[in-house]
Amino acid sequence: MGSPELSFTHATPYDDYVGTATLRALPGPRTDAPEEPAFLVTTQVMELYFGLVRTELRLAVRLLGGPRLPEATAAIARAAAYLDVVNAAWRPLNRLTPRRFNAFRAGLGEGSGFQSALYREVEFLLGDKSASLAQVHRGNPETYRELLAALRAPSLYDAALSVLDRRGYDVPAAVLTRAPETPYRPDPQVEKAWARVYAELGPGDELWELAEALTDVSDGFTQWRVRHLAAVRRSMGAKAGTGGSSGASWLERTLRREIFPELWSARTLV
Ligand code: HEM
């Protein structure tokens, strides 16, 4: 029976590969409040996953410009799977009540997830563009440069609409040549194009698989927004946020910024 290797002179190869020392050195809770460790670790885990989602969406944009559509769809499907994990990670925070949150909230100072550059870049990649929301990172030139690049580049949705166009679907030139940094506005021709995909194609067809993977990402990202808002309302009601916004009412407005809008509205036409 083979036994595992037991003798290493320094850190184990596992420690080297995973960076366990770095993980243990991450900032810990600032109070003894029993809920703070989970609040902090959940936030750190979500940041790591936002990074994974960003990697896949960047890759998908690149792949959608080339001939290998199923590879782009696979990257989008991986992003959707990561969003499922992030959404499941809300569970420990569901029972955070205002009294328990107040016990450690002061430690956040003016810190807020609103200042997450990775989250903002994911929004930009999904086509939810806002030059003003990028401003918060002006003090950090490298992060700001990356965010502005994402703001000014075609989004995943722009790239998907170019694929529809290349495959003979009627996507208006004004949509294909719009300035990428402007917020996307739904278009009736684009809605008809997706309706055609759903009316004429099915499982195994490349465009149908792409449409469904995009819908999974839109669904997963929207669920994150909904779960986050529920966590906010449960733990602090309608109080103002540490990031300076009005809190829940400000977050409610973000729910109106729909991701890939015609992929939802097209279903009414089919
Ligand atoms: C109970 C826990 C939480 C509360 C009470 C809370 C509270 C808030 C509030 C009030 C805002 C609005 C901006 C502000 O004024 O601060 C906000 C934004 C945000 N929070 Fe949280 N948050 C919680 C957990 C988390 C976690 C775990 C993450 C994960 C990274 C996160 C990420 C974000 C992001 C990305 C935004 C910006 C949303 C947008 O711009 O649409 N939050 N949060």
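**Notes on a helical protein and its iron-bearing ligand**

A good place to start is the contact between the ligand and His228: a nitrogen atom of the ligand lies 2.8 Å from an N or O atom in the side chain of this residue. Keep in mind as you read that this is a predicted model.

1. **His228 and the iron.** Which residue holds the iron atom of the ligand? The only protein donor is His228, through its NE2 atom, at 2.1 Å. If you want to find His228 on screen, look in helix H12, which covers residues 206-236.

2. **Who else touches the ligand.** There are 29 residues around the ligand, and the ones that come nearest are Ser112, Arg120, His228, Gly243 and Ser245. Two serines are worth a click. The side chain of Ser112 has an N or O atom 2.7 Å from an oxygen atom of the ligand. Ser245 also places a polar side-chain atom 2.7 Å from a ligand oxygen.

3. **Where the shell comes from.** Which helices each give at least two residues to the shell around the ligand? They are H3 (36-64), H6 (117-125), H12 and H13 (248-254). H12 gives the most, with six residues, and H12 is also the helix that carries His228. As for chemistry, the shell splits into 15 nonpolar residues, twelve polar ones and two charged ones. The ligand takes up the space of the largest pocket.

4. **The overall picture.** Zooming out, you will count 14 helices and zero strands. Written along the sequence, the pattern is therefore just α repeated: α-α-α-α-α-α-α-α-α-α-α-α-α-α. The C-alpha atoms fill a box of roughly 60 × 60 × 35 Å along the principal axes. Of the 270 residues in the protein, 41% count as buried.

5. **Helix H9, mostly covered.** How many of the eleven residues of H9 are buried? Eight of them are, so this helix (residues 156-166) is mostly covered. The buried ones are Leu156, Tyr157, Asp158, Ala159, Ala160, Leu161, Val163 and Leu164. Asp158 is the one to pause on in that list, as a residue that counts as charged.

6. **The two ends of H9.** At the N-terminal end, Ser155 acts as a cap: one of its side-chain oxygens lies 3.2 Å from the backbone nitrogen of Tyr157. Just after the helix, Gly168 takes a positive phi of about 90 degrees.

7. **An odd backbone angle at Phe260.** Phe260 is not a glycine, yet it has a positive phi of about 55 degrees. Why does that deserve a second look? Most residues other than glycine have a negative phi. Phe260 sits in the loop between H13 and helix H14 (261-265). Is Phe260 buried or exposed? Its relative accessible area is 1%, and because anything under 20% counts as buried, Phe260 is buried.

8. **Arg227, far in sequence from Trp90 but not in space.** Arg227 is found in helix H12. How far apart are Arg227 and Trp90? Along the sequence they are 137 residues apart, but from C-alpha to C-alpha they are 7.0 Å apart in space. Arg227 has a relative accessible area of 31%, so it is partly exposed.

9. **Leu108 and a wide separation.** Leu108 lies in the loop between helix H5 (98-105) and H6. With a relative accessible area of 25%, Leu108 falls between the 20% and 50% cut-offs and therefore counts as partly exposed. Its C-alpha atom is separated by 42 Å from that of Val175, which is 67 residues apart from it along the chain.

10. **Arg267, after the last lettered helix in these notes.** You will find Arg267 in the segment after H14. At 32% relative accessibility, Arg267 counts as partly exposed. Where Arg267 and Tyr17 are concerned, the two are 250 residues apart along the chain, and 46 Å separates their C-alpha atoms.

Note on methods
Residues are numbered from 1 along each chain as its sequence is written. This is a predicted model: local features need pLDDT of at least 70, side-chain atom pairs count only at pLDDT 80 or more; totals for chains, interfaces and linings use all residues. Side-chain values use heavy atoms; hydrogens and water are left out. Donors are N, O and S atoms within 2.8 Å of the metal (3.2 Å for Na, K and Ca); water is not among the atoms, so sites may look incomplete. Helices (H or I, at least four residues) and strands (E, at least two) are DSSP runs, numbered from the N terminus. A residue is near a molecule or strand if one of its heavy atoms lies within 4 Å of it. A polar contact is a pair of N or O atoms within 3.5 Å; within protein, one must be able to donate a hydrogen and the other to accept it, and residues adjacent in sequence count only if both atoms are side-chain atoms. On a 1 Å grid over the protein atoms alone, a cavity is a set of points where a 1.4 Å probe fits but cannot get out, and a pocket is an open set with protein on both sides within 12 Å along at least five of seven lines; lining residues have an atom within 4 Å of a point. A molecule sits in a cavity or pocket if more than half of its atoms lie within 2 Å of its grid points. Buried means under 20% relative accessible area, exposed over 50%, partly exposed in between (1.4 Å probe, protein chains only).
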